[in-house]
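Biologist: Please take a close look at the pockets in this model. What lines them?

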Amino acid sequence: MDVIIREIENKDYISVATLWRDVLGLLSVTDENVFETYEKMKGDNRYCTFVADVSGSVVGLVTTVETLAIDHPNGYIKVNGLAVLPEFQHRGIGKLLIERVEKLAGERNISLIGLASGFQRTNAHEFYEHLGYQKLSFWFRKII
């Protein structure tokens, strides 16, 4: 199986919306808001989305944002989402996507990558820990 990790293109938006809904469980995600959001992100190089392409079909994604932090003078990269279709999991695709983010960090002279993962995603936690990521904190939010 040949997997190509590449930057997202307009033609990928519907497949990416499906990943957000079906794999990550974000049922409020629509094709329309994916299109609108990625079009906004397209003009800002702090945002990057890479897709895993197998035979012309998107089977996975990772989306990131580069942000500044006082304790990391070069900033850090936050992974906002990582998903691989269930039938393609356990084939190294998630690892390839994370490796592409790590390469991006190197290209931008950034030495920290962070992410949040829901409590229920225990398999994802094991995956991240296997790749050397440390579980350090809880992430809090308040919808206003």
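Modeller: A strand here is a DSSP run of E with at least two residues, numbered from the N terminus. A lining residue has an atom within 4 Å of a pocket point. The model is predicted.

Start with the largest pocket. About 1700 Å³ of space lies in it. The lining of the largest pocket counts 43 residues. Closest to the centre are Lys78, Leu115, Ala116, Ser117 and Trp139. Four elements each give two or more residues to this lining: helix 2 (31–42), strand 4 (72–84), strand 5 (113–115) and helix 4 (122–130). Which of the elements gives the most? Strand 4 does, with seven residues. Sorted by class, the lining of the largest pocket holds 22 nonpolar, 15 polar and six charged residues.

Now the second largest pocket. Its space is about 550 Å³. Here 22 residues form the lining, and Gln89, His90, Asn123, Ala124 and Phe127 sit closest to the centre. Helix 1 (13–23), strand 4, helix 3 (93–107) and helix 4 each supply two or more residues to the lining of the second largest pocket. Helix 4 has the largest share, six residues. By class, this second lining has ten nonpolar, seven polar and five charged residues.

Put the two linings side by side. Strand 4 and helix 4 each give two or more residues to the largest pocket, and strand 4 and helix 4 also do so for the second largest pocket. Strand 4 leads in the largest pocket, while helix 4 leads in the second largest.

Note on methods. Residues are numbered from 1 along each chain as its sequence is written. This is a predicted model: local features need pLDDT of at least 70, side-chain atom pairs count only at pLDDT 80 or more; totals for chains, interfaces and linings use all residues. Side-chain values use heavy atoms; hydrogens and water are left out. On a 1 Å grid over the protein atoms alone, a cavity is a set of points where a 1.4 Å probe fits but cannot get out, and a pocket is an open set with protein on both sides within 12 Å along at least five of seven lines; lining residues have an atom within 4 Å of a point. Grid points are joined across faces, edges and corners, and a volume is the space filled by probe spheres set on the points. Ala, Val, Leu, Ile, Met, Phe, Trp, Tyr, Cys and Pro count as nonpolar, Asp, Glu, Lys and Arg as charged, and the others, Gly among them, as polar.
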